[in-house]
Amino acid sequence: MKMIVAAAAFCATISCAQAEIRILASPGGQVGPFIELFDKVRASGERVVIDGPCLSACTLVLSMVPNDRICVTRRAVLGFHAARSIDRRGRLYAEPEASEAVLEAYPAQVRGWIIRRGGLTSRLLLLRGRELAAIYPRCR
């Protein structure tokens, strides 16, 4: 049931148009539903338009969908942080191996941008504006 609710909440943050997925506002969340969705998007050939905040697990789109099928609008913001999990008591803890794997999976320009800002830590790094437009094309 939790997975269905999480997937429904995630799907409410995107808009599907013909041959296009538009990310309007995604705070992230559990990695699993994002991997499933972006795997389907990659296989479909659809273009991804990032048109608002795409934070945390949402940024996995960058490593799963080819760069030439991603574009950004002026409202696009990408937010990166280190991987973390929640233990049985509800406490957050770092996942350094997962953080390294995610960092390595990002495209080289994104990975370089993150590394120049200190790498993936608990602090949220925001990529937007001119810096983002230098990596991904503006949507037409």
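# A tour from the nonpolar core outwards

Start by selecting Val48, Ile50, Val61, Leu62, Phe80 and Ile114: of the 33 residues in the largest nonpolar core, these touch the most other members. The elements giving two or more residues to this core are strand E2 (20–23), H2, strand E3 (47–50), helix H3 (61–64), strand E5 (70–72), E6, H5 and strand E9 (125–128). H2 supplies the largest share, four residues. In soluble globular proteins, nonpolar side chains tend to be buried together.

**The whole chain**

Now zoom out. This is a predicted model, with a mean pLDDT of 89 and 87% of residues at 70 or more. Colour residues 1–12 separately: pLDDT stays under 50 there, and the model has five contacts beyond four places in sequence for this stretch. The secondary structure consists of six helices and nine strands. Of the 140 residues, 39% count as buried. Among contacts between residues at least 6 apart in sequence, 60% join residues at least 24 apart.

**Strand E6 and its sheet**

Select E4, E6 and E9. They form an open sheet in the order E4-E6-E9, with mixed pairing. Which strands stand at the edges? Strand E4 (53–55) and E9 do; each has a single partner strand, so one side of each is left without a neighbour in the sheet. On average, neighbouring strands here are turned by 20° against each other, direction ignored.

Look at each pairing in turn. Strands of a sheet pair through backbone hydrogen bonds, either parallel or antiparallel. E4 and E6 are paired in the parallel sense, over three bridges. To find one of their bridges, select Pro53 and its partner in E6, Val77. On the other side, E6 and E9 run antiparallel and are joined by four bridges. Leu78 has Leu127 in E9 as its bridge partner, and Gly79 stands opposite Leu126 in E9.

Next, show the side chains of E6. In a regular strand the side chains alternate between the two faces of the sheet. Val77 and Gly79 point one way from E6, while Leu78 and Phe80 point the other way, and all are buried.

**Helix H5**

Add H5 to the view. This helix lies across E6 and E9, running at about 135° to E9. Which of its residues are buried? In H5, they are Val110, Gly112, Trp113 and Ile114. The cover over the buried residues of H5 includes H3, E6, helix H4 (96–105), E9 and helix H6 (129–133).

Pick Ile114, one of the core residues listed at the start. Apart from its neighbours within four places in sequence, Ile114 is in contact with Phe80, Leu103, Tyr106, Gly119, Leu120 and Leu125.

**Aromatic rings**

Show the rings of Phe, Tyr and Trp. A pair of aromatic rings is described by the distance of the centres and the angle of the planes. A search of the whole structure finds three aromatic pairs. In one, Phe34 and Phe38, the ring centres are 6.0 Å apart and the planes stand at 45°, so the pair is tilted. Both residues lie in helix H2 (residues 31–44), four residues apart, about one turn of the helix. Are they buried or exposed? Phe34 counts as buried at 3% relative accessibility, and Phe38 counts as buried at 1%.

Move to Phe80 and Trp113, another tilted pair, with 6.1 Å from centre to centre and 50° between the planes. This pair links distant parts of the chain: Phe80 sits in strand E6 (residues 77–80) and Trp113 in helix H5 (residues 108–116), 33 residues apart. Both Phe80 and Trp113 are buried. Add Tyr106 to the selection, and you have one aromatic cluster made up of Phe80, Tyr106 and Trp113.

**The loop after H5**

Finish by following the chain out of H5. Just after the helix, Gly118 takes a positive phi of about 100°. Then select Ser122, in the loop between H5 and E9. Why is Ser122 classed as exposed? Its relative accessible area is 68%, and exposed means over 50%. Leaving aside neighbours within four places in sequence, Ser122 is in contact with His81, Ala82 and Arg84. As a last step, draw a distance between the C-alpha atoms of Ser122 and Tyr93: these residues are 29 apart along the chain, and the two atoms are separated by 10.0 Å.

Technical notes
Residues are numbered from 1 along each chain as its sequence is written. This is a predicted model: local features need pLDDT of at least 70, side-chain atom pairs count only at pLDDT 80 or more; totals for chains, interfaces and linings use all residues. Side-chain values use heavy atoms; hydrogens and water are left out. Rings of Phe, Tyr and Trp (its six-membered ring) pair if their centres lie within 6.5 Å; planes under 30 degrees apart count as stacked, over 60 as edge-to-face and the rest as tilted. Buried means under 20% relative accessible area, exposed over 50%, partly exposed in between (1.4 Å probe, protein chains only). A nonpolar core is a set of buried Ala, Val, Leu, Ile, Met, Phe, Trp, Tyr and Cys residues joined through side-chain atoms within 4.5 Å. Contact means heavy atoms within 4.5 Å. pLDDT is the predictor's confidence in each residue, from 0 to 100. Two strands pair if DSSP finds at least two bridges between them. Axes are lines fitted to C-alpha atoms, for helices over the stretch in contact, and angles run from 0 to 180 degrees between N-to-C directions.
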